[in-house]
Each structure stands twice: as C-alpha cells, then as structure tokens.
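The following paragraphs walk through a structure, beginning with how its elements are assigned and then moving from one region to the next. Please keep the sequence and the coordinates at hand while reading.

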Amino acid sequence: MSEINELYQDLILDHSKKPRNYHVLEGASRKVEGYNPLCGDRYTIYVNLDGNVIKDIGFQGSGCAISKSSASMMTASVKGKTTSEVNELFGHFHVMVTREEAGKYDREKLGKLTVFHGVSEFPVRVKCATLAWHTLKAALEGDGKTVTTE
Ligand code: ZN
C-alpha cells in the first residue's frame, strides 16, 4: 500500500514540476481565472471549444503542488471530451475528494486522476485539488468571471 502511495506522490510531483498544457492559449474561446484564498492558488484556464467539445486547453498561474498538478492532470484528461463528459468526470472527482455520496465514484472513468484520492483526508487540500475543475466548469458555463473556492 505504501508503495502505491509513493507512486501516487511521484505522479503528483511530476505534474507539479512539469505541468502539462502550461501555456496561454492564443485565441481561446473561453478564459476564466480561479482563486483559492485559503491557500493562495491562482490559475487562469484557457479553453478552445469546438461546439461542445474541448478542442484545446491551457492554463497558467501559481499555487501549491496539489493545485498545480491537479490542474495539469485535469487538462490532460479533458482534452477531446464534451462538456457533459467533463461535468460527469468532475462529479466523480468531487465525490472522491470530498467523500460525498458515501465515496462512490468510478475509478475507471477517473483513471490517473485517482492519485488525488488521498486528498480526502485533508479537507483544506480539497479546495486546492478542485480549484482547476471549478474554474473549468465556470469557463464551460461561460460567465467569464473569476471563480473562488469560497
Ligand atoms: Zn493549494
């Protein structure tokens, strides 16, 4: 079990040190800033939508390792998905880290994102792990405002 945890930590560290899709997306159709005042995490998420499909996604900003790696892994897993698929994925992710609904979530659908399951033991960190997701959701819903986790 501890080996698995180490593997998870490696993946989180890898994504926080070398975040994927970490760039401004030129000509993005959606751009939203997310802020987590509890920790100081702040990211801007750029999305290019083709109909309701995420054609491309990028992000930039700064924050703790959990928030950055979560944003990085999120961008890698939502590219090419429809907005409803993303909402479903976020639903599973949210249940996993908050332990809502008796912690019933689809491990297969989440895939590598299950590395964040340990976050559920640290309520303060839940906001770090979900910031990028809340921000993406706001971007897809298109109100174009800054979202905070409060
Ligand atoms: Zn944080």
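Helices (H or I, at least four residues) and strands (E, at least two) are taken here as DSSP runs, numbered from the N terminus. The model is predicted, and therefore local features need pLDDT of at least 70 and side-chain atom pairs count only at pLDDT 80 or more, while totals for chains, interfaces and linings use all residues. Residues are numbered from 1 along each chain as its sequence is written, and side-chain values use heavy atoms, with hydrogens and water left out.

Helix H1 covers residues 2–17 and contains Ser-16. Ser-16 has a relative accessible area of 15% and is therefore buried, a term that means under 20% relative accessible area, as against over 50% for exposed and in between for partly exposed (1.4 Å probe, protein chains only). Its side chain reaches the backbone oxygen of Leu-13 at 3.1 Å. Leaving aside residues up to four places away in sequence, Ser-16 touches Ala-65, Lys-68 and Ser-69, where contact means heavy atoms within 4.5 Å.

Those contacts lead to helix H2, residues 65–78, whose 14 residues reach 20 Å from the first C-alpha to the last, close to the 20 Å expected at 1.5 Å a residue; the expected span is 1.5 Å times one less than the number of residues. H2 is mostly covered, with 12 of its 14 residues buried, among them Lys-68, Ser-69, Met-73 and Met-74. Just after H2, Gly-80 takes a positive phi of about 90 degrees.

Strand S1 (residues 30–36) pairs with S2 in the antiparallel sense over 7 bridges, pairing being assigned if DSSP finds at least two bridges between two strands. Within this arrangement Val-32 stands opposite Ile-45 in S2. The hairpin has 4 residues between the strands, and Gly-40 takes a positive phi near 90 degrees there.

Which protein atoms are the donors of the zinc ion? They are the SG atoms of Cys-39, Cys-64 and Cys-128 together with two OD entries from Asp-41, lying 2.2 to 2.6 Å from the ion; donors are N, O and S atoms within 2.8 Å of the metal (3.2 Å for Na, K and Ca), and water is not among the atoms, so sites may look incomplete. Along the chain the donors follow the spacing C-x1-D-x22-C-x63-C. Because Asp-41 lies in strand S2 (residues 41–50) and Cys-128 in helix H5 (residues 123–141), the pair ties together parts that are 87 residues apart in sequence. Asp-41 counts as buried at 0% relative accessibility, and Cys-128 is buried with a relative accessible area of 1%.

Notes:
A polar contact is a pair of N or O atoms within 3.5 Å; within protein, one must be able to donate a hydrogen and the other to accept it, and residues adjacent in sequence count only if both atoms are side-chain atoms.
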